[in-house]
Amino acid sequence: MEQTLSIIKPDAVAKNVVGKILDRFESNGLRVAAMKKIQLSKADAEAFYAVHKERPFFGELVEFMISGPVVVSVLEGENAVAKNRELMGATDPKEAAPGTIRADFAQSIDANAVHGSDSLENAKIEIAFFFSRREIL
């Protein structure tokens with residue numbers, strides 16, 4: 001049983017589609033093992049996205065991620081990382097397959113509704129960033 005991190009980003013939270021997005025996960029075999037709605041600080045966003053620090057979009061990404069609340073979840077299930085990424089669709093919603101979360105709910109490559117871990121190794125790091133072990137049921 002794999003676990004992965006999901007973030008429903010500020011644009012999707014503002015559009016009030018959190019429940020619709022969570023339903024996509026649950027309807028496709030992923031279980032919510034932990035979840036919370038939080039407001040990231042600038043320091044939180046900079047630390048979480050530190051891997052992108054040298055990229056030109058880093059500052060805009062941080063500003064976007066602190067622009068409103070997010071919903072962070074631990075999703076679990078068989079092949080959870082790959083399943084979550086398949087459900088999310090391509091990073092650019094214009095390239096996302098019809099019926100994916102980003103095709104249906106994202107505004108742009110920047111405001112793309114959701115984040116999901118890209119590997120099991122990163123999932124462990126990202127989950128630990130937001131959740132203690134006792135919060136994951």
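**Salt bridges, sheet and cores**

E135 is partly exposed, with a relative accessible area of 36%. Here, buried stands for a relative accessible area under 20%, exposed for over 50%, and partly exposed for anything in between, using a 1.4 Å probe and protein chains only. The model is a predicted one, so local features need a pLDDT of at least 70 and side-chain atom pairs count only at pLDDT 80 or more, while totals for chains, interfaces and linings use all residues. Numbering starts from 1 along each chain as its sequence is written, and side-chain values rest on heavy atoms, with hydrogens and water left out.

The structure holds 3 salt bridges, each being a side-chain nitrogen of Lys or Arg within 4 Å of a carboxyl oxygen of Asp or Glu. E135 takes part in one of them, with K36 as its partner and 3.2 Å between the closest N and O atoms. The two come from distant parts of the chain: E135 sits in the segment after α7 (120-130) and K36 in strand β2, 99 residues apart. Helices (H or I, at least four residues) and strands (E, at least two) are DSSP runs, numbered from the N terminus. K36, like its partner, is partly exposed, at 23%.

Another salt bridge joins E76 and R31, whose closest N and O atoms are 2.5 Å apart. E76 belongs to strand β3 (residues 70-77) and R31 to strand β2 (residues 31-38), so this pair ties together parts that lie 45 residues apart in sequence. The two ends differ in their surroundings: E76 counts as buried at 13% relative accessibility, whereas R31 is partly exposed at 39%. Then there is D104, which meets R24 in a salt bridge of 2.6 Å, N to O. That contact spans 80 residues, linking helix α6 (residues 101-105), home of D104, to helix α2 (residues 18-27), home of R24. D104 is partly exposed, with a relative accessible area of 41%.

Next comes the sheet. Strands of a sheet pair through backbone hydrogen bonds, either parallel or antiparallel. This one is open, with 4 strands in the order β2-β3-β1-β4 and antiparallel pairing. At its edges stand β2 and β4 (114-116), each with a single partner strand, so one side of each has no neighbour in the sheet. On average, neighbouring strands are turned by 20° against each other, direction ignored. Two strands count as paired if DSSP finds at least two bridges between them; β1 (residues 2-8) and β3 have 7, in the antiparallel sense. Within this pair, Q3 stands opposite E76 of β3. Helix α7 packs on the sheet and touches β1, β2, β3 and β4, its direction making about 60° with that of β1. Contact means heavy atoms within 4.5 Å, and angles, from 0 to 180 degrees, are taken between N-to-C directions of lines fitted to C-alpha atoms, for helices over the stretch in contact.

S73, also in strand β3, is buried, with a relative accessible area of 1%. Leaving aside residues up to four places away in sequence, S73 touches T4, L5, S6, L22, A34, M35 and F131.

F131 also turns up in the largest nonpolar core, which has 21 residues; I7, M65, F130 and F131 have the most contacts inside it. A nonpolar core is a set of buried Ala, Val, Leu, Ile, Met, Phe, Trp, Tyr and Cys residues joined through side-chain atoms within 4.5 Å. At least two residues of this core come from each of β1, β2, α3 (42-48), α4 (58-65), β3 and α7. Helix α4 gives the most, with 5 residues. Apart from this core lies another, of 19 residues, including A12, L87, F105 and V114.

Two helices show clear sides. In α4, F58, L61, V62, F64 and M65 are buried, and they cover an arc of only 165° around the axis, which puts them on the same side of the helix. The arc is that of the directions from the helix axis to the C-beta atoms. What covers these residues of α4 includes β1, α1 (10-14), α3 and β3. The buried residues V18, I21, L22 and F25 of α2 cover an arc of only 95°, so they too share one side of their helix. Exposed K20 and S27 sit on the face of α2 turned away from that buried side. Just after α2, G29 takes a positive phi of about 90°.
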